[in-house]
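User: Please guide me through the charged and aromatic side chains of this protein, one question at a time.

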Amino acid sequence: MRVYVPLTLSGLAEAHRAGELGTGPLVAYAVTPALREWYLSDDVEELEYAALNRAALASLRLLAADPGAARRRVVVAADVPDGAVAAGPDRGLDPAALGEVRVAGPLPLAKAAAVHVDSADAEADVSAAAEALAAADGGDDDAQFVVDGAEDHELLWYATQELPNLV
């Protein structure tokens, strides 16, 4: 199963040093039954793109919690055995948890298929979105507009061999 693990650039640097994304359980995003139902598509590529975007939002949440982190969203796409992934049954169709899964055990960086990172020109919008996130979660439409502005930036695709240049 392809999972999308949200990180920050500093988290990616740590994963590169350690050789793994974490010891688990890790929060990641994937094409789950709830995501399929919400997105209403049978196109696997569209569904995976939706899971990637859910992970990008989770990366934005990590940035909001870490004011010192570089203002670029990071998502690592990795392939893991189906048995290592579990959807949170208690979260159901909670809109905040669509596509959210837990990856058990360590996730070696060698399992990464690609890394997705904001370009440098997205930093101002991502920074503003991280600052507006709490207000957007509280229902502020203007703040939600700012958060959506970060989503206007496509994450760039990097091969895993390019990790040393990213960190």
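Analyst: The model is predicted. We may begin with one charged pair: E14 and R17 form a salt bridge, with their closest N and O atoms 3.1 Å apart.

User: In which helix do E14 and R17 lie, and how many residues apart are they?

Analyst: The two residues are separated by about one turn of a helix. That helix covers residues 9-18 and holds both E14 and R17. The answer is therefore helix α1, with a separation of three residues.

User: Is R17 buried or exposed?

Analyst: A residue counts as exposed when its relative accessible area is over 50%. R17 has a relative accessibility of 61%, whereas its partner E14 has 41% and counts as partly exposed. Because its value is 61%, R17 is classed as exposed.

User: Which residue meets D137 in a salt bridge?

Analyst: The contact of D137 is made between side chains, at 2.7 Å from N to O. This pair links distant parts of the chain, 76 residues apart: D137 belongs to helix α4 (residues 123-137) and its partner to helix α3 (residues 44-65). The partner is partly exposed, at 35% relative accessibility. The residue asked for is R61.

User: Is E100 buried or exposed?

Analyst: E100 forms a salt bridge with R102, and their closest N and O atoms are 2.8 Å apart. R102 is partly exposed, with a relative accessible area of 35%. For E100 the relative accessible area is 12%, and buried means under 20%. E100 is therefore buried.

User: How many salt bridges does a search of the whole structure find?

Analyst: The pairs discussed above include E14 with R17, D137 with R61 and E100 with R102. They are among the salt bridges found when the whole structure is searched. The total is six.

User: Which residues form the negative surface patch?

Analyst: One member, E151, lies in helix α5, which covers residues 141-151. E151 is partly exposed at 43% relative accessible area, and because patch residues need over 30%, it meets that cut-off. The patch is formed by D121, D125, D148, E151 and D152.

User: Are the planes of the W38 and Y39 rings stacked, edge-to-face or tilted?

Analyst: A pair of aromatic rings is described by the distance of the centres and the angle of the planes. The count comes to one aromatic pair. W38 is partly exposed at 45%, and Y39 is partly exposed at 31%. The ring centres of W38 and Y39 are 6.1 Å apart and their planes meet at 50°, so the pair is tilted.

How values were computed. Residues numbered from 1 in each chain as written. Predicted model: local features only at pLDDT ≥ 70, side-chain atom pairs only at ≥ 80, totals over all residues. Heavy atoms only, no water. Patch = residues over 30% accessible without salt bridge, like charges linked within 9 Å, V, L, I, M, F, W, Y side chains within 5 Å. Areas by Shrake-Rupley, 256 points an atom, 1.4 Å probe, with all protein chains shown as cover. Salt bridge = Lys/Arg side-chain N within 4 Å of Asp/Glu carboxyl O. Lys, Arg positive; Asp, Glu negative; His and termini not counted. Charge placed at Lys NZ, Arg CZ, Asp CG, Glu CD. Helix = DSSP H or I, 4+ residues; strand = E, 2+ residues; numbered from the N terminus. Buried < 20%, exposed > 50% of the residue type's maximum accessible area, 1.4 Å probe, protein only. Phe/Tyr/Trp six-rings, centres within 6.5 Å; stacked < 30°, edge-to-face > 60°.
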